[in-house]
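Hi,

Here is the structure I promised to pass on. Have a look at it first, and my notes on what turned up follow below.

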Amino acid sequence: MASNLKNLSDYSSKNLIAIQEKKFAIVVAEWNEEVTGKLLEGAFQTLVKHQANPANIFVETVPGSFELSLGAQWMAQYDYIDAVICLGCVIQGETRHFDFICEAVAKGITEVSLKYSKPVVFGVLTPDNQAQALDRAGGKYGNKGDEAAITAIKMLGLQHTLSSSYSIRS
Ligand code: RBF
């Protein structure tokens, strides 16, 4: 579904768990800071709204979205980090940079997630222009940062459900 048909800040309660004890890393790109700052605000506030302790949310910045994968890896490698949320905004330009960055970061984030077997969330906007980006960073289509935080919580919820239902069967 295209994001102009969905409000990114709406979500169901499925797999939402208590996250008081969970530790999160948020890695945020400095490029398009006026957008990524709003994504960060949304992600942080959503975690806190779901009872995360602000002291358990570790925020680090990387220069651009291309560097999100390595930033995520440097955070995910710590056992105490339960989930990593990557936030960036890559705006379609006139060069092929857009394709290279989007492809690299999508692949890189997936690899980190699988390598450490923990949620590493792709909270990266890939709009055609800045107006579209702002519409999805706390504007009329909600906030991609909220959605990224909810995704992290739901994946931790799923992990919890799976570990409690399958571990007793072996
Ligand atoms: N980083 C982003 O996060 N979003 C962008 O829209 C973005 N556009 C870029 C366009 C050009 C022409 C270049 C050179 C870089 C861009 N970057 C962008 C930065 C990129 O993610 C990375 O930090 C740099 O390419 C590293 O040198």
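**Cysteines and the ligand site**

Let's start with the cysteines: there are zero disulfides in this structure. Keep in mind as you read on that this is a predicted model. A disulfide, as a reminder, is a covalent bond between the sulfur atoms of two cysteines. So why does Cys89 not form one? Its closest cysteine sulfur belongs to Cys102 and is 9.5 Å away, which is too far for a bond, given that a disulfide needs the two sulfur atoms within 2.5 Å. Seen from the other side, Cys102 is in no disulfide either, with the sulfur of Cys89 as its nearest cysteine sulfur.

Are these two cysteines buried or exposed? Cys89 counts as buried because its relative accessibility is 3%. Cys102 has 13% relative accessibility, so it counts as buried too; the cut-off for buried is under 20%.

Cys89 also turns up in the second part of the story, as one of the residues around the ligand. The others in that shell are Trp31, Asn32, Gly64, Ser65, Phe66, Glu67, Val90, Ile91, His97 and Ile101. By type, the shell splits into six nonpolar residues, four polar ones and one charged. As for where the ligand sits, that is the largest pocket.

Which atoms come close to the ligand's oxygens? Here are three pairs to look up in the viewer:

- Glu67: a polar side-chain atom is 2.6 Å from a ligand oxygen.
- Ile91: a backbone N or O atom lies 3.0 Å from an oxygen of the ligand.
- Phe66: again a backbone N or O atom, this time 3.1 Å from a ligand oxygen.

On its own, the ligand has 530 Å² of accessible area, and the protein covers 67% of that.

Happy to go through any of this with you.

Cheers

Conventions:
Residues are numbered from 1 along each chain as its sequence is written. This is a predicted model: local features need pLDDT of at least 70, side-chain atom pairs count only at pLDDT 80 or more; totals for chains, interfaces and linings use all residues. Side-chain values use heavy atoms; hydrogens and water are left out. A residue is near a molecule or strand if one of its heavy atoms lies within 4 Å of it. A polar contact is a pair of N or O atoms within 3.5 Å; within protein, one must be able to donate a hydrogen and the other to accept it, and residues adjacent in sequence count only if both atoms are side-chain atoms. Accessible areas come from the Shrake-Rupley method with a 1.4 Å probe; for residues, only the protein chains shown count as cover. On a 1 Å grid over the protein atoms alone, a cavity is a set of points where a 1.4 Å probe fits but cannot get out, and a pocket is an open set with protein on both sides within 12 Å along at least five of seven lines; lining residues have an atom within 4 Å of a point. A molecule sits in a cavity or pocket if more than half of its atoms lie within 2 Å of its grid points. Ala, Val, Leu, Ile, Met, Phe, Trp, Tyr, Cys and Pro count as nonpolar, Asp, Glu, Lys and Arg as charged, and the others, Gly among them, as polar. Buried means under 20% relative accessible area, exposed over 50%, partly exposed in between (1.4 Å probe, protein chains only).
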